[in-house]
Amino acid sequence: MTTENQPQYGPPQYAYTQQPRTTSGLAVASLVLGILWLGWLGSLLAVIFGHIALGKIKRDPSVGGRGLAIAGLVLGYIGIGSFLAWMLFLIGLVGASSTA
């Protein structure tokens, strides 16, 4: 008896379906706080949440939102920088007016 004419059966072939990626809530929060600014507190929280979100995204490939976290970080750092610039400006004004 030859096996040439018999059909060969293998393991069933399953289609691979990729799980949908979830967006990190911290990345979204970082972006929103960076946009709203809310004085120095919002910018500080945007930076903190952005760094935490990037860490989680790096550890778990099923979590997305890297661009949102980076945008929140950039806006947060700009907000902190502008806040510090205003504080230095106001200190300079106070110092200049007290010496006159």
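Tutor: A residue is called buried when its relative accessible area is under 20%, exposed when that area is over 50%, and partly exposed in between. The model before us is predicted. In helix α1, the residues Ala 27, Ser 30, Leu 31, Leu 33 and Gly 34 are buried.

Student: What do the buried residues of α1 pack against?

Tutor: They pack against α2 and α3.

Student: How do you know that the length of α1 agrees with that of a helix?

Tutor: At 1.5 Å a residue, the twelve residues of α1 should span 16 Å. The C-alpha atoms at the ends of α1 are 16 Å apart, and therefore the two values agree.

Student: How does helix α3 fare under the same reasoning?

Tutor: Helix α3 runs through residues 66-99, and its 34 residues should span 50 Å. The C-alpha atoms at its ends are 49 Å apart, which agrees with the expected span.

Student: Which residues of α3 are buried, and what covers them?

Tutor: The buried residues of α3 are Ala 69, Gly 72, Leu 73, Gly 76 and Gly 79. Their cover includes α1 (25-36) and α2 (39-59).

Student: Why is Ser 43 called buried?

Tutor: Ser 43 belongs to helix α2. Its relative accessibility is 0%, and the cut-off for buried is under 20%, so Ser 43 counts as buried. Leaving out residues up to four places away in sequence, Ser 43 touches Trp 37, Gly 76, Gly 79 and Ile 80. Among these, Gly 76 and Gly 79 are themselves buried residues of α3.

Student: Why is Leu 41 called partly exposed?

Tutor: Leu 41 is also found in helix α2. Its relative accessibility is 44%, which lies between the cut-offs of 20% and 50%, so Leu 41 counts as partly exposed. Leu 41 and Gly 79 are 38 residues apart in sequence, and their C-alpha atoms are 9.4 Å apart in space.

Student: What makes Tyr 77 partly exposed, and which residues does it contact?

Tutor: Tyr 77 lies in helix α3. At 47%, its relative accessibility does not pass the cut-off of over 50% for exposed and is not under 20%, so Tyr 77 is partly exposed. Apart from neighbours within four places in sequence, Tyr 77 is in contact with Val 47 and His 51.

Student: Why is Ile 78 called exposed?

Tutor: Ile 78 is likewise placed in helix α3. Its relative accessible area is 54%, and exposed means over 50%, so the term applies to Ile 78.

Student: What makes up the nonpolar patch on the surface?

Tutor: The patch is formed by Val 28, Val 32, Ile 35, Leu 36, Leu 38, Ile 70, Val 74, Leu 75 and Ile 78, which together have about 770 Å² of accessible area. Helices α1 and α3 each supply at least two of its residues.

Student: Why is Tyr 9 called exposed, and how far is it from Leu 75?

Tutor: Tyr 9 is found in the segment before β1 (22-23). Its relative accessibility of 75% is over 50%, and therefore Tyr 9 counts as exposed. Tyr 9 and Leu 75 are 66 residues apart along the chain, and 59 Å separates their C-alpha atoms.

Student: What confidence does the prediction carry?

Tutor: The protein chain averages a pLDDT of 88, and 92% of the residues score at least 70. Among the elements of the chain, α1 has the highest mean pLDDT, 96, and α3 the lowest, 92.

Notes. Residues numbered from 1 in each chain as written. Predicted model: local features only at pLDDT ≥ 70, side-chain atom pairs only at ≥ 80, totals over all residues. Heavy atoms only, no water. Helix = DSSP H or I, 4+ residues; strand = E, 2+ residues; numbered from the N terminus. Expected span 1.5 Å × (residues − 1). Buried < 20%, exposed > 50% of the residue type's maximum accessible area, 1.4 Å probe, protein only. Contact = heavy atoms within 4.5 Å. Patch = residues over 30% accessible without salt bridge, like charges linked within 9 Å, V, L, I, M, F, W, Y side chains within 5 Å. Areas by Shrake-Rupley, 256 points an atom, 1.4 Å probe, with all protein chains shown as cover. Salt bridge = Lys/Arg side-chain N within 4 Å of Asp/Glu carboxyl O. pLDDT = per-residue confidence, 0-100.
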